[in-house]
Amino acid sequence: MTMDTTKKSNHLTVWGIIAFLICCLLTAGNARAAGTPAGTTITSTVSVSYNLGGEALTAVVGYSFVADQVVNMTVTKNSDMSAAPNQTNVPLSFRVTNTGNAAQRYALQAVSKATNSWTMNNVRLYRDNNNSGSWDTGDTLYADAGTFGDLQPDASIIVLIVADTPNSVVSGQTAAYDLVATAVNAGTLNVSVQTAGPNTAGVDTVFVDSAGSAAGDVPRDGKHSASGTYTVSVVAPAVSLNKTVTVIDQWGGHQPIPGATLRYTITATASGTANNVVVIDPLPANTAIIPNTLKLNNATLTDAADTDAGDVGGTTADTVTVKLGNLTSASLMQTITFDVKIK
Amino acid sequence: MQKMLPVLLVLALLTPAAAWAQQKGSIELKSIAEVEITETNAKGEKEVKRVDTAKAKVVPGDIVIFSTYYTNISDKPAGNVMITNPIPEHMLYMDRSAEGKGTIIEFSVNRGKSYSTPDKLNVTDASGKSRKAVASDYTHIKWTVSKPVAPGVKGDVSFKAKLQ
C-alpha cells in the first residue's frame, strides 16, 4: 500500500509547524527481534526550504508504504533423552519461537525419521506449561493448531514429544523424531499461504523460514523443524535362572529312591544385554547323567564337548555346561533340560 | 497516537492541495521509496532492479532506498536550498548511504535540532558518557545544495535504510 502526497506551500510558518509535529511523532521505533509489526505504515516526510527572490519558501512531500507480514518461525531442540525399555512418558524437549512480525499459530507434528529401525509407542505432543523440560500432568495435550493459541512475535513455547519406550529395545539403540511446526493464520485453523504475484494494497504474506531437519522441510515453505533423539539407556545386564526338578521312579511314581530319574529344567531370561552367557550346573551327589538327555530349547545336545552349545563332564567333570551366547531382553526364554539317575 | 499518524499526515498534506498545487515560483519535490530486487535474467546473469515499494513486498530486514527529486519550476534561481528528511520510524539508516550530487550532507542525532557531519556528531549514553555517534543514532538527514538552483534545473538526493 502506498500514498504519494506532494504539496507545496509558501506559508513557511504553517508548514514549519506541521513538519515539526510530524518530526515529533516520528519517534524512534521499538527494537524487536521479529521486526516491525506487519501492517505498520512507514512514512518518509521530506521538506525543502529555499530562498526565491528574497522570499523564504518551503515544500513538503511524503511517501508511505506498509510493512508486509513475514512468516518465520524456528524450532530448536532443547534436549535428547535416554529411555529405558518399557519406560512411559519419555519427553523430547523443543522450543518453538515466532520470529515473524505478526501473531501466528502452528500446526505441530512429531515425525519418526525414516532411518529409525524402531519407533516409540503412544507418541503425543504437549506444551510444557511449567517449562520443566519433563512431562507433567499439568501440561497441555496438543490436539490441533488451536490448542496452544496464538504466539505473538518473539514469543515462544516449549513443546514436548512424549512417548513410551517399547520393551523389545536394546541398550544404545536410537530413534530420532522431527518436531515440525507449520504456520497457521492467527485465530484460525487455516495454514498460512504466501501472497501470490505482485504486491497488493493490503498486508502481504511472505515466508522467510529456513530449511529444517525434517525430510522435505525446505527454505521459505512456512515450516520449520528440528530433530531430537531417544537413546535406549544402558541397563545393567542381569540373567535370571530358574531351576525345577521332577522325580520319576521306576514304579511310575515320584519317589526319589535309588534308580529313580531326576529331570532338571533350567530356564534363563535376560534384562539389558548379557553377552556370552554360560550356565554351569554341577550334577548332584550320588547321581549320574543319563546319556544323551541334555537338551537346549528341546533340541538334543551331545554329551561331548564339541561344536554344539553344551556338554556333560566335557568342560568340567560331573558338570553340565551350556553356552547360551548373547542374551537381551528381546531374546526368547532359554530352556535347558537333562536327566540324572539316583545311584 | 502512532496509529493516527497516516491519517494526520494525509489530512495535513492533502487538504490545502487545490490552492497550492499549481502555484508558480517554487521548487517541485517528488519522493519515492524503492527496494532493490535481484533477478536472474534470461542469460542467467543476476540483475539488481529497483522496484517501487508500491509494487514490492517489504518485510523486516529489507533495505529501502528513499529518493527525493527536486526541480526549480520557477523562473528565478533558488538559493539556500535545503532538503531535510527524518529517518522514518522503524527504519535504520545504512551507514554512508546518503547521496546527493553537489550537496553537503549532514546528520542530526537530536531530532533535527542541530545538524553536523558524521565526524563531529556525538551522543550521550544512559550513563552520561559521550561517545561518537553511529549510523543508528541518526534521526534526520539534511542536504544543503551548494550552489543556487537555476530555473529548470533538477537534482536528487537519496539514502538507504533497513526496515527493522
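Let me start with one pair of residues in strand E22 of chain A, where A:Pro282 has A:Thr319 as its bridge partner. Please keep in mind, as we go through the strands, that this is a predicted model.

That pair belongs to a longer arrangement, in which E17(A) and strand E22, residues 319-328 of chain A, run antiparallel to each other and are joined over 8 bridges. For anyone new to this, strands of a sheet pair through backbone hydrogen bonds, and they do so either parallel or antiparallel.

Looking at the wider sheet, we find 3 strands of chain A in the order E17-E22-E21, forming an open sheet with antiparallel pairing. Strand E17 (273-282) and strand E21 (310-312) of chain A are the edges, and because each has a single partner strand, one side of each is left without a neighbour in the sheet. From one strand to the next, the twist averages 15 degrees.

Now to another part of chain A, where strand E15 (residues 238-248) pairs with strand E16 (residues 261-271) in the antiparallel sense, over 11 bridges; within this pairing, A:Thr246 has A:Arg263 in E16(A) as its bridge partner. E16(A) also pairs with strand E23, residues 334-342 of chain A, again antiparallel and over 8 bridges, and here A:Thr267 stands opposite A:Thr335 in E23(A).

Finally, a few words on chain B, which has 2 helices and 11 strands, and in which both helices come before the strands when we read along the sequence. Of its 164 residues, 36% count as buried, and among contacts in chain B between residues at least 6 apart in sequence, 73% join residues at least 24 apart.

Technical notes
Residues numbered from 1 in each chain as written. Chains lettered and ligands numbered in written order. Predicted model: local features only at pLDDT ≥ 70, side-chain atom pairs only at ≥ 80, totals over all residues. Helix = DSSP H or I, 4+ residues; strand = E, 2+ residues; numbered from the N terminus. Buried ≥ 20, exposed ≤ 12 C-beta atoms within 10 Å, placed from the backbone. Contact = placed C-beta atoms within 7 Å. Pairing = 2+ DSSP bridges. Axes fitted to C-alpha atoms, helices over the stretch in contact; angles between N-to-C directions.
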